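Visitor: I'd like a walk through this one, with the reasoning spelled out. Could you take the helix packing and then the empty spaces inside?

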Amino acid sequence: MTRDLRTARNGAVLTFLLGGLMVGTMTVRIPALTDKLHLSEAMIGTVLLVWGLGALVTMQAMRPVMARAGSRTVLRVGGPATAIGLVAVAFAPNLPLLLAAAALFGMAFGMIDIAMNAQGSTVERVHGRPLMNGMHAGWCVGAIAAGAMGSLSIVLGLSFTANVALIGLVSLPVMVVLGRTYLPDAPVAGPAGAARRRLPPVVYLLGALMFFAFMVEGTVADWNGLFMRDTLGAPEALAALGYPIFEAGMLIARLTGDRLRSRFGVRGMLTVSGLATAGFFAVVLAAPAPMVALVAVFFVGLGVATISPLTLSLAGTATDTPGPAIAQAGAMGYAGLLLGPVVIGFLSDATSLRTALGLAVVLGLLIAAAARFLPREEPVATPPAPVREPVTVG
């Protein structure tokens, strides 16, 4: 492995890490946000809806942008913009300004999420072996760090504003520096419109699998803390640990996911992942005590962890240029991230939070069923042409 390729791989992993850190910081402090602005569960659902709509709108626009500009350019703009959006969320003094800041944060995050996965696919192709699970492990590390720092902030009495603003201000210059490590994407053959029309059907099936998986991930990220605190009676500091414990399970699964993929194949892995997600989430809901739920949510993380990186990796190999296919699958997936927490919010108002969270069990079963429609043989990726432009650091 050359120094430039190692730098590009590390840069992609660190981008995933910072993404997980920024998003995780906001999600683990949602209980504090409800207290700061006196928000109901339905209001929180609206904030998450606006955040998700901002991300989804950007993602829907990414196919032609990725075809023309490539992931490197998008990341150089979107990374710093995401950090700025997080700072805006931290300082929002009321609900209307919080909604505006959440929309900005969501739109910027929509840019980097599609672009960092396309960048990961480009690095994966150049290396010639599965790497996407390992890159998504970087996201888990960031989310775990967010949860740990969130819990520490609660113990130290640090406010929502101070905690979230600090993470955004630290992430901003790091995102700028990482912009110098990214590889350019392979050029698109033909006009961007042709890439839009020629996506194979498997891309849309992969997008559906991502839709289900991200509904589960979003449900855990946005509602587990409130479920632990308000339904199971856990102290806020203990409730905040649910999300990093979930991410710890995801981290372990993703660190081993690329090797498991090589041995067992994608279809078998996704089937088992869906069944495990459904089964262990049922244990979370039936838990008689917070510690039982914490253990179960770890195994939910193990189950759901590899679904999104596997589907994004397959989408990246479905065409000669990964960007537009990943943008399409990612946009479908993040529709689930948008809808899941919102649906939970309104269902919990109509019934109870425990009943509403039962949706995640159904989603796990749908993942296992949909995986059976994937081809038995994975698509073979065509490596991009050698990159002429060197990667510079420092």
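Guide: Sure. Keep in mind that this is a predicted model. A good place to begin is a crossing: α9 and α12 cross in a left-handed way.

Visitor: What makes α9 roughly parallel to α12?

Guide: Look at the angle. Helix α9 (residues 201-231) packs against helix α12 (residues 266-286) at about 20 degrees, and their axes are 12 Å apart. Angles under 35 degrees count as roughly parallel, so α9 is roughly parallel to α12.

Visitor: Which residues of α9 and α12 meet there?

Guide: From α9 you have L209, V216, T219, V220 and F227, and these meet L270, T277, F281, V284 and L285 of α12. By class, the contact of α9 with α12 holds eight nonpolar residues, two polar and no charged.

Visitor: How do you know that T219 and T277 are polar in that contact?

Guide: Thr isn't among the residues that count as nonpolar or charged, and the others count as polar. T219 sits on the α9 side and T277 on the α12 side.

Visitor: Why are α1 and α4 called roughly parallel?

Guide: Same kind of check. α1 and helix α4 (residues 62-91) pack at about 20 degrees, with axes 11 Å apart. The cut-off for roughly parallel is under 35 degrees, so α1 is roughly parallel to α4. That crossing of α1 and α4 is left-handed. T15, M22 and M26 of α1 make the contact with L75, T82, A83, L86 and V89 of α4. Sorted by class, the α1 and α4 contact has six nonpolar residues, two polar and no charged.

Visitor: And what makes α12 and α14 roughly antiparallel?

Guide: Their axes come within 10 Å and cross at roughly 150 degrees. Angles over 145 degrees count as roughly antiparallel, and α12 and α14 therefore get that name. The crossing of α12 and α14 is left-handed.

Visitor: Which residues make the contact between α12 and α14?

Guide: On α12, V266, M269, L270 and S273; on α14, I307, L310, T311 and L314. The contact of α12 with α14 splits into six nonpolar, two polar and no charged residues. L270 of α12 may ring a bell, since that residue also meets α9.

Visitor: On to the empty spaces. How many cavities of 30 Å³ or more are there?

Guide: A search of the whole structure turns up four. The largest cavity has about 290 Å³ of space, and the second largest has a volume of about 90 Å³.

Visitor: What makes a space a cavity rather than a pocket?

Guide: In a cavity a 1.4 Å probe fits but cannot get out, whereas a pocket is an open set. For the largest cavity, 24 residues form the lining, and V23, W139, E217, Y334 and L337 lie nearest its centre.

Visitor: Which element gives the largest share of the lining of the largest cavity?

Guide: That's α9, with five residues. Other elements giving two or more residues to this lining include α1 (3-28), α6 (132-156) and α15 (322-350). The lining of the largest cavity has 14 nonpolar, five polar and five charged residues.

Visitor: Why does E217 count as charged?

Guide: Asp, Glu, Lys and Arg count as charged, so a Glu such as E217 goes in that class. E217 is among the residues nearest the centre of the largest cavity.

Visitor: What lines the second largest cavity?

Guide: There are 13 lining residues, and T27, V28, P31, G225 and A239 are the closest to the centre of the second largest cavity. Two or more residues come from each of α1, α2 (30-37), α9 and α10 (236-239). The largest share, five residues, is from α9. This lining divides into eight nonpolar, three polar and two charged residues.

How values were computed: Residues are numbered from 1 along each chain as its sequence is written. This is a predicted model: local features need pLDDT of at least 70, side-chain atom pairs count only at pLDDT 80 or more; totals for chains, interfaces and linings use all residues. Side-chain values use heavy atoms; hydrogens and water are left out. Axes are lines fitted to C-alpha atoms, for helices over the stretch in contact, and angles run from 0 to 180 degrees between N-to-C directions. Helices (H or I, at least four residues) and strands (E, at least two) are DSSP runs, numbered from the N terminus. Angles under 35 degrees count as roughly parallel, over 145 as roughly antiparallel, 65 to 115 as roughly perpendicular and the rest as oblique. A crossing is left-handed if the near helix is turned anticlockwise from the far one by less than a right angle, and right-handed if clockwise. Contact means heavy atoms within 4.5 Å. On a 1 Å grid over the protein atoms alone, a cavity is a set of points where a 1.4 Å probe fits but cannot get out, and a pocket is an open set with protein on both sides within 12 Å along at least five of seven lines; lining residues have an atom within 4 Å of a point. Grid points are joined across faces, edges and corners, and a volume is the space filled by probe spheres set on the points.
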